[in-house]
Amino acid sequence: MNEQNDNRQQNGGNRNPKNSNTIMIMVTAAIITLLVVSLFSSLVSSRSSNYVEYSKFVEMLENGKLHTVLLDESSLKITFTLKPDEKLDKDSLAYITQLKTKYYTNMSSFDIELISRLESADLEKYDVKLSDTGATIFAFLISYVLPIVLVWVFLGFMMRRAGGGGGVMGVGKSNAKRYDMQKDTGVTFKDVAGQDEAKESLVEIVDFLHNPGKYSTIGAKLPKGALLVGPPGTGKTLLAKAVAGEAQVPFFSLAGSDFVEMFVGVGASRVRDLFKKAQETAPCIIFIDEIDAIGKSRDSRFGGNDEREQTLNQLLSEMDGFDSSKGVFILAATNRPEVLDKALLRPGRLDRRIIVDKPDLKGRVAVLKVHAKKVSLDETVNLEEIALATSGAVGSDLANMINEAAINAVKHGRKAVSQKDLFEAVETVLMGKEKKDRIMSERERRIVSYHEIGHALVSALQKDSEPVQKITIVPRTMGALGYVMNVPEEEKYLNTEAELRAMLVEFLAGRAAEELVFDTVTTGAANDIERATAIAKAMVTQYGMSKKFGLIGLEAVESRYLDGRVVMNCADETAAAVDEEVMKILKDSYDEAMSLLKENREIMDKLADYLIQKETITGKEFMKIYREVKGLPEPEEGSEEKKEGEAKEEKPSFDEDTKYAYDKRIVVVYHSLQMCNAP
């Protein structure tokens, strides 16, 4: 309760600064306008050919060179004509022109001695025009007030356009987009796949809005809000649109950045206006996408009284202030939950946290089916194989793959998408297109071939490695000069220590093959070393797979749903010891890879020569040569090994980059591609 009151008091204190700043803007604009008008008038006057400085006018008056003088007291303007030259004939044209040409000057302030000078001067005529109060006021209005009014009107128009509301202060109006019917979004829960748990939570909310009676009878209350959390592309915004389509109640949608403006206090004003509209149309749903734009933790180290914090304070106050029984539900989405303010996440505000994570195998199949509904598919398509091939892909990736496959089918003149088109689309999305214009020298082709065969051969020699499905030295647009494709026979969520160490040996086998054959190394193993280092460091600092350190967590994952950045939680001495342990693990893995390749040098040479000729070979071709050189018999018909080999051969080739995801205490390692980077 105290927190709520503090928020309201702080928000109430924010209204005066808003008004004060608005007034200051208007006053500043008025002053600038006056200065511009005065400067413009001075420039116009000074540039006129008939304008004479006042000091020059006085000098000419005293020397008797003036013919007539007219003094206007209201504007302090003096209009005069010059006497004709004494030698000129008064009837001549020059004389008439001289008399009719009028000059003028202005006094900065009234000269009290001017009247006496005019009376004593030799003038044909002089006259004094007394000041007219009405005319003076009118001139003042035209010269000064009218420009200020025009500036105010212009500012009001610009602020109205920015705020979408009426009047000069329309900038504080909420610009949330409102959906009233299902047809407005065109999305329902049937259009969302692979997120069954998230949909279940949201279905309860929709059902509560439709049938509040059966919940209130037992005493249940509608949660005030829910937070959708997950990596980019998993369907958080799509779920919100589906809620709008299913709820059949008014749905207000806007982004967190829509609250922020250049004017102080605008965000808080928009929050008040949004909740006012929501309560008037309850029951309804408010969806705030990317709420981290305004919901970051408040920080008092640098003052903390900025526009964003005022907006957040107003949002917290409004969420506490409205009655949830009226059916106003807040739905928010973010992929950075760790930066949100704790007050925003507490029960009574955003009660539920709904995880929208990367889909599993079953979810990917469902997502592919949803996106493939509008695409013509032929009889060769097997979406289960595509789903197995795309471990770690999110919904947006899968949608892009279906679209790329359709484009590829049209490009080749086909009426329907085939399985080959789908696998080519997977390669295009994850690795880019083939670089047909990149021609490597013969030496580089040999180095890349041995590099990739080193990966593949070590994978075949280790029992804990994934089976090889494809090897190629065809460059791709995303930097790969070649790669080895390893396909898991089933989706895995855990990796044993033996499997991780087998990955390290396979990662470093490419570099080992280069050193063994060419007695030198290249830059192509940079990506292999980077990923091997990441696994080895995680084994030491996160998974407790080091005898030296044991079961201790030395790293914490930040931005889990974005880049998965890790930070060390230990002393500098410990961090140095961790580096030493990681180097030891990598050295042992490299030595193991070098040993395996030395023992199988004949197989490596033959496979490398074959790869140079073909550029791309399948897993079946690879294993056939492997068995021939090793002297191993072909699998017998009907044997388990033969069945597995046939099943693997039926699967078309595809490529996927290695992805790592760390979720709490469970490590998820998707391993399928070794890449030789371009220098």
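Reader: What share of the 679 residues of the chain counts as buried, and what makes a residue buried?

Author: In this predicted model, 45% of the 679 residues of the chain count as buried, and a residue earns that word when its relative accessible area is under 20%. The chain that holds them has 24 helices and 18 strands. Among contacts between residues at least 6 apart in sequence, 74% join residues at least 24 apart.

Reader: Why is Lys102 called exposed, while Arg501 is called partly exposed?

Author: Exposed requires a relative accessible area over 50%, and Lys102 has 54%, so Lys102 is exposed. Arg501 has 31%, which lies between the limits of 20% and 50%, and therefore Arg501 is partly exposed.

Reader: Where is Lys102 placed, and which residues is Lys102 in contact with, leaving aside its neighbours within four places in sequence?

Author: Lys102 sits in the loop between helix H3 (93-100) and strand E3 (103-106), and, with neighbours within four places in sequence left aside, Lys102 is in contact with Asn50, Thr79, Phe80 and Thr81. The C-alpha atoms of Lys102 and Leu82 are separated by 7.9 Å, although these residues are 20 apart along the chain.

Reader: What makes Phe57 and Phe80 an aromatic pair, and why is the pair called tilted?

Author: Two rings pair if their centres lie within 6.5 Å, and the rings of Phe57 and Phe80 are 5.1 Å apart, centre to centre, so they qualify. Their planes make an angle of 45 degrees, which is neither under 30 degrees, as stacked would need, nor over 60, as edge-to-face would need, and so the pair is tilted. Phe57 lies in helix H2 (residues 54-62) and Phe80 in strand E2 (residues 77-82), so the pair ties together parts that are 23 residues apart in sequence. Both Phe57 and Phe80 are buried, and ring pairs link them with Tyr54 into a cluster. The structure holds five aromatic pairs.

Reader: How many residues are in the largest nonpolar core, and what makes a set of residues a nonpolar core?

Author: The largest nonpolar core has 53 residues. The name applies because its members are buried residues of nonpolar kinds joined through side-chain atoms within 4.5 Å. Those with the most contacts inside this core are Ile471, Leu504 and Met604. Several elements each supply at least two of its residues, including helix H18 (442-461), strand E11 (468-472), helix H19 (497-518) and helix H21 (572-599), and the largest share, 11 residues, comes from H19. Apart from this core lies another, of 27 residues, among them Leu222, Leu239, Ala240 and Val243.

Reader: Which residues is Ile471 in contact with, leaving aside its neighbours within four places in sequence?

Author: Among them are Glu452, Ile453, Ala456, Tyr483, Val484, Leu611, Glu615 and Phe622.

Reader: Why is H18 called roughly perpendicular to H21?

Author: The axes of H18 and H21 come within 10 Å and cross at roughly 90 degrees. Angles of 65 to 115 degrees count as roughly perpendicular, so H18 is roughly perpendicular to H21. Gly454, Leu457, Val458 and Leu461 of H18 make the contact together with Ala593, Leu596 and Leu597 of H21, and by class these are six nonpolar, one polar and no charged residues.

Reader: Where does Arg501 lie, and which residues does Arg501 touch, not counting residues up to four places away in sequence?

Author: Arg501 lies in helix H19 and, with residues up to four places away in sequence not counted, touches Met539, Met545 and Ile585. The C-alpha atoms of Arg501 and Ile535, 34 residues apart along the chain, are separated by 8.8 Å.

Reader: What is the phi of Glu615, and why does Glu615 count as partly exposed?

Author: Glu615 has a positive phi of about 70 degrees although it is not a glycine. Most residues other than glycine have a negative phi. Glu615 is placed in the loop between H22 and strand E15 (616-618), and its relative accessibility of 33% lies between 20% and 50%, so Glu615 counts as partly exposed. Glu290, in the loop between strand E8 (284-289) and helix H11 (292-295), has a positive phi of about 50 degrees; its relative accessible area is 34%, so Glu290 is partly exposed.

Notes. Residues numbered from 1 in each chain as written. Predicted model: local features only at pLDDT ≥ 70, side-chain atom pairs only at ≥ 80, totals over all residues. Heavy atoms only, no water. Buried < 20%, exposed > 50% of the residue type's maximum accessible area, 1.4 Å probe, protein only. Contact = heavy atoms within 4.5 Å. Axes fitted to C-alpha atoms, helices over the stretch in contact; angles between N-to-C directions. Parallel < 35°, antiparallel > 145°, perpendicular 65-115°, else oblique. Nonpolar A, V, L, I, M, F, W, Y, C, P; charged D, E, K, R; others polar. Phe/Tyr/Trp six-rings, centres within 6.5 Å; stacked < 30°, edge-to-face > 60°.
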